[in-house]
Amino acid sequence: MSLIASKLYAEASGRIILDVPEVTFERPGLTAIIGPNGSGKTTLLRALLGTIPQPQGLVGIEDRQLSDHSPQERARLIAYMPQKTVLAWPLPVHTVVALGRFAYGAVPQRLTPEDQARVKRVLAGVGLWERKEQSASTLSGGEFAKLMVARALAAETPYLLADEPAAALDPAQQHQVLSLLRKKADEGACVVVIVHDLSLAKDYADHVALMNEGRILATGSPTDVLVPDLLAKVYGQAPLIGPQGITFPRPS
Ligand SMILES: Nc1ncnc2c1ncn2[C@@H]1O[C@H](COP(=O)(O)OP(=O)(O)OP(=O)(O)O)[C@@H](O)[C@H]1O
């Protein structure tokens with residue numbers, strides 16, 4: 001089982017911002033999408049989800065076109081964590097996570113015992129269970145990012161697309177969040193996650209897709225893709241790759 005997309009394409013302001021003839025994301029598995037700012041990572045996820053219309057493009061999931069699934073089926077199939085989330089109302093933390101159960105017919109004030117257990121489990125998993133009554137609008141940036149992870153995990157979808165879920169987090173919390181996503185993949189899901197920290201890609205991903213100028217330049221295992229020559233092509237300089245991680249030297 002997998003998510004297979006073909007002929008994904010987008011232009012903006014007369015410029016090609018996405019051109020992906022074919023890409024496959026394995027299930028189970030965790031794929032890290034890496035690439036410099038503006039290389040098309042978010043555009044790729046949005047094209048997969050259909051929020052950027054794809055007249056020629058095809059996105060197949062579980063042997064059917066994503067567009068053939070009803071909205072409720074889609075919500076049970078694929079969860080999306082956007083890079084920026086704005087909450088319309090100052091809802092308590094536990095209610096925000098309960099929203100992740102909507103596809104199962106949950107109403108926040110009347111959760112089934114199964115919904116309640118799931119909400120508790122995911123909030124505890126990101127260390128926010130004690131904050132369940134706090135208004136989500138008062139959480140710190142990092143706490144809010146973890147809340148979004150909890151909401152996505154509450155949906156229990158076999159596919160999860162996450163756009164920089166670790167960007168606002170301190171190093172320890174980054175590992176906590178990536179570990180949760182890793183666990184989801186180990187439990188059978190297809191997790192596609194955009195990360196900027198190449199060490200996280202190396203530590204947690206089964207597959208890495210390297211993007212540049214709207215195209216996927218390379219895909220493969222972290223060992224295949226996270227190599228100095230390839231990375232230097234897109235980041236402009238070769239990183240230092242060692243047991244402690246992948247870092248870029250100060251520009252001289
Ligand atoms: N609606 C739009 N109009 C004009 N340009 C756009 C539009 N949407 C995206 N772009 C451009 O497309 C390019 C790819 O954007 P995208 O958000 O996919 O990059 P990214 O790799 O996710 O970047 P980052 O790492 O900075 O989040 C960028 O140069 C962006 O400015």
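# Asking how we know: a walk through a predicted model

Guide: Welcome! Let's start at the ligand: helix α1 (residues 41-49) gives the most to the shell around it, with 3 residues. A helix here is a DSSP run of H or I with at least four residues, a strand is a run of E with at least two, and both are numbered from the N terminus. Keep in mind that this is a predicted model, where local features need pLDDT of at least 70, side-chain atom pairs count only at pLDDT 80 or more, and totals for chains, interfaces and linings use all residues. Residues are numbered from 1 along each chain as its sequence is written.

Visitor: Which residues surround the ligand?

Guide: They are A12, S13, I17, G35, N37, G38, S39, G40, K41, T42 and T43. A residue counts as near the molecule if its C-beta atom, placed from the backbone, lies within 6 Å of it.

Visitor: How many residues of each class, nonpolar, polar and charged, does this shell have?

Guide: The shell has 2 nonpolar, 8 polar and 1 charged residues. Ala, Val, Leu, Ile, Met, Phe, Trp, Tyr, Cys and Pro count as nonpolar, Asp, Glu, Lys and Arg as charged, and the others, Gly among them, as polar.

Visitor: What makes S13 exposed?

Guide: A residue is exposed if 12 or fewer other C-beta atoms lie within 10 Å of its own, buried if there are 20 or more, and partly exposed in between, with C-beta atoms placed from the backbone. S13 has 5 other C-beta atoms within 10 Å, so it is exposed. S13 sits in the loop between β1 (2-12) and β2, and it has a positive phi of about 50° although it is not a glycine.

Visitor: Why is E213 called partly exposed?

Guide: E213 has 16 other C-beta atoms within 10 Å, so it falls in the middle class. Its place is the loop between β9 (207-212) and β10 (215-220). E213 also has a positive phi of about 50° without being a glycine.

Visitor: And what makes H175 partly exposed?

Guide: H175 has 16 other C-beta atoms within 10 Å, so the verdict is partly exposed. This residue is found in helix α6 (residues 171-186). H175 and D203 are 28 residues apart in sequence, with their C-alpha atoms 9.4 Å apart in space.

Visitor: How do you know that β7 is largely enclosed?

Guide: Of the 5 residues of β7, 5 are buried, so the rest of the structure largely encloses the strand. Y159, L161 and D163 point one way and L160 and A162 the other way, and all are buried.

Visitor: Which strands do bridges join to β7?

Guide: Two strands pair if DSSP finds at least two bridges between them. Strand β6 (residues 78-81) is joined to β7 by 4 bridges, and the two run parallel. In that pair, Y80 stands opposite L161. Strand β8 (residues 190-194) is joined to β7 by 5 bridges, again running parallel, and D163 has I194 in β8 as its bridge partner.

Visitor: What makes β2 and β5 edge strands?

Guide: Their sheet is open, with 4 strands in the order β2-β1-β4-β5 and antiparallel pairing. β2 (15-26) and β5 (64-65) each have a single partner strand, so one side of each is left without a neighbour in the sheet.

Visitor: Which domains is the protein chain divided into?

Guide: Domain 1 covers 1-62 + 158-168 + 187-252, and domain 2 covers 76-157. Such bounds come from an automatic or database domain assignment. The contact takes 12 residues from domain 1 and 14 residues from domain 2, where two residues are in contact if their C-beta atoms, placed from the backbone, lie within 7 Å. On the domain 1 side, β7 provides the largest share, 5 residues.

Visitor: Why is the protein chain said to be as compact as a globular protein of its length?

Guide: The secondary structure of the chain comes to 9 helices and 12 strands. Its radius of gyration is 18 Å, close to the 18 Å that the globule rule gives for 252 residues, so it is as compact as a globular protein of that length. The radius is taken over C-alpha atoms, and the rule is 2.2 Å times the number of residues to the power 0.38.
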